[in-house]
Amino acid sequence: MPNQDLTGMGVCWLGNMRYTNPLNRTAAKKWQALSHLGLRMYVLGFATAPRFQLFTQFARFYLLPELPLAFLRYFEFFLLTPPLLLWLVLRRRVSVIVAVSPFEGAVAALVKNMAGLFGQPVALVVESHGDFEVAVFQQRRIRLAGLYRRLMAGLTRYALRYADVLRTVSNSSRQQLAAWSPKNQPMHQFMAWTDFSAFANLEREKSLLETQVIVY
């Protein structure tokens, strides 16, 4: 939004990221940098403990309990996030939702449509930080993989149908999101937040010639 005053705008980031309370140094630097925009910032994500976390550190964090199994976390997310996000839209006047993947984007799209029934307009930004079709199958074994793929496809199409803006982090993620998108929304590509000082300030335990470091 070039040349636009963002002061006071309510923006909510929605994703499955895990945050500590207080934020670790890297996360704190990210949200501190964003706080200079003058936004009213809200974050819906997961805690690193099995209890609900609510705190303010540059943004207002609403963190769901971290449950032990992945399917329980999915259930928790899709059950609890919609009413909480709708409450933020209606009571805290959040006007922009940033979903960090098409899966979270489906929840945001649902809330956007519900808010419209109350006359509250919401802009939806759907991001893609990687390969949302294949990566999860490479990371762990998925039971009922066929059902998961169909569910994934349905959520993705629903999210992109109601998205106003798309954001990717690479050429490949841009091409993938464009292939799934049913309409020609504005799409922006830029890297994800990276705290390079977390790597630059480390003391080496071995000499450079003795180490094998992979950065991706």
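**View 1. Histidine 129 counts as partly exposed, at 42% relative accessibility.** The model shown in this and the following views is predicted. Histidine 129 sits in the loop between β6 and α4 (135-139). Neighbours within four places in sequence are set aside here. Beyond them, histidine 129 is in contact with Val100, Arg167, Val169 and Ala192. Threonine 48 serves as a distant reference point: histidine 129 and threonine 48 are 81 residues apart in sequence. In space their C-alpha atoms are 21 Å apart.

**View 2. Helices α3 and α5 cross at roughly 50 degrees.** Helix α3 covers residues 102-117, and helix α5 covers residues 145-162. Their axes come within 7 Å. The angle lies outside the bands for roughly parallel, antiparallel and perpendicular, so α3 and α5 are oblique to each other. The crossing of α3 past α5 is left-handed. On the α3 side, the contact is made by Pro102, Phe103, Gly105, Ala106, Ala109, Leu110, Lys112 and Asn113. On the α5 side, Tyr148, Met152, Leu155, Thr156, Tyr158, Ala159 and Tyr162 take part. By class, the contact residues are 11 nonpolar, three polar and one charged.

**View 3. Helices α2 and α3 pack at an angle of about 45 degrees.** Their axes are 9 Å apart. α2 and α3 are therefore oblique to each other. This crossing is right-handed. From α2, the contact involves Phe77, Phe78, Thr81, Pro82, Leu85, Leu86 and Val89. They meet Phe103, Glu104, Val107, Ala108, Val111, Met114 and Ala115 in α3. The residues of this contact divide into 12 nonpolar, one polar and one charged. Phe103 of α3 appears in this contact and also in the contact with α5.

**View 4. Tryptophan 13 and tryptophan 31 form one of the 10 aromatic pairs.** Their ring centres are 5.0 Å apart. The planes stand at 85 degrees, over the 60-degree cut-off, so the pair is edge-to-face. Tryptophan 13 lies in strand β1 (residues 10-19), and tryptophan 31 lies in helix α1 (residues 25-35). The pair therefore ties together parts that are 18 residues apart in sequence. Tryptophan 13 has 13% relative accessibility and counts as buried. Tryptophan 31 is buried too, with a relative accessible area of 1%. Ring pairs link both tryptophans with Tyr19, Phe55 and Phe61 into a cluster.

**View 5. Phenylalanine 77 and phenylalanine 78 form an edge-to-face aromatic pair.** The centres are 5.5 Å apart, with 85 degrees between the planes. Phenylalanine 77 is buried, with a relative accessible area of 7%. Phenylalanine 78 is partly exposed, at 36%. Phe77 and Phe78 belong to the α2 side of the contact with α3.

**View 6. Asparagine 21 and proline 22 are joined by a cis peptide bond.** Omega is about 0 degrees at this bond. Proline 22 lies in the loop between β1 and α1. Those two elements also hold tryptophan 13 and tryptophan 31, respectively.

**View 7. Phenylalanine 58 has a positive phi of about 70 degrees.** Phenylalanine 58 has this value although it is not a glycine. Phenylalanine 58 lies in the loop between β3 (53-57) and β4 (59-64). At 38% relative accessibility, phenylalanine 58 counts as partly exposed.

**View 8. Arginine 93 has a positive phi of about 55 degrees.** Arginine 93 is not a glycine either. Its place is in the loop between α2 (70-91) and β5 (94-99). Arginine 93 is partly exposed, with a relative accessible area of 45%. Arginine 93 is also among the residues touched by glutamine 120.

**View 9. Glutamine 120 counts as buried, at 15% relative accessibility.** This residue is found in the loop between α3 and β6 (123-128). Residues up to four places away in sequence are not counted in the contacts that follow. Glutamine 120 touches Val89, Leu90, Arg93, Val94 and Ala115. Two of these residues, Val89 and Ala115, also take part in the contact of α2 with α3.

Note on methods. Residues are numbered from 1 along each chain as its sequence is written. This is a predicted model: local features need pLDDT of at least 70, side-chain atom pairs count only at pLDDT 80 or more; totals for chains, interfaces and linings use all residues. Side-chain values use heavy atoms; hydrogens and water are left out. Axes are lines fitted to C-alpha atoms, for helices over the stretch in contact, and angles run from 0 to 180 degrees between N-to-C directions. Helices (H or I, at least four residues) and strands (E, at least two) are DSSP runs, numbered from the N terminus. Angles under 35 degrees count as roughly parallel, over 145 as roughly antiparallel, 65 to 115 as roughly perpendicular and the rest as oblique. A crossing is left-handed if the near helix is turned anticlockwise from the far one by less than a right angle, and right-handed if clockwise. Contact means heavy atoms within 4.5 Å. Ala, Val, Leu, Ile, Met, Phe, Trp, Tyr, Cys and Pro count as nonpolar, Asp, Glu, Lys and Arg as charged, and the others, Gly among them, as polar. Rings of Phe, Tyr and Trp (its six-membered ring) pair if their centres lie within 6.5 Å; planes under 30 degrees apart count as stacked, over 60 as edge-to-face and the rest as tilted. Buried means under 20% relative accessible area, exposed over 50%, partly exposed in between (1.4 Å probe, protein chains only).
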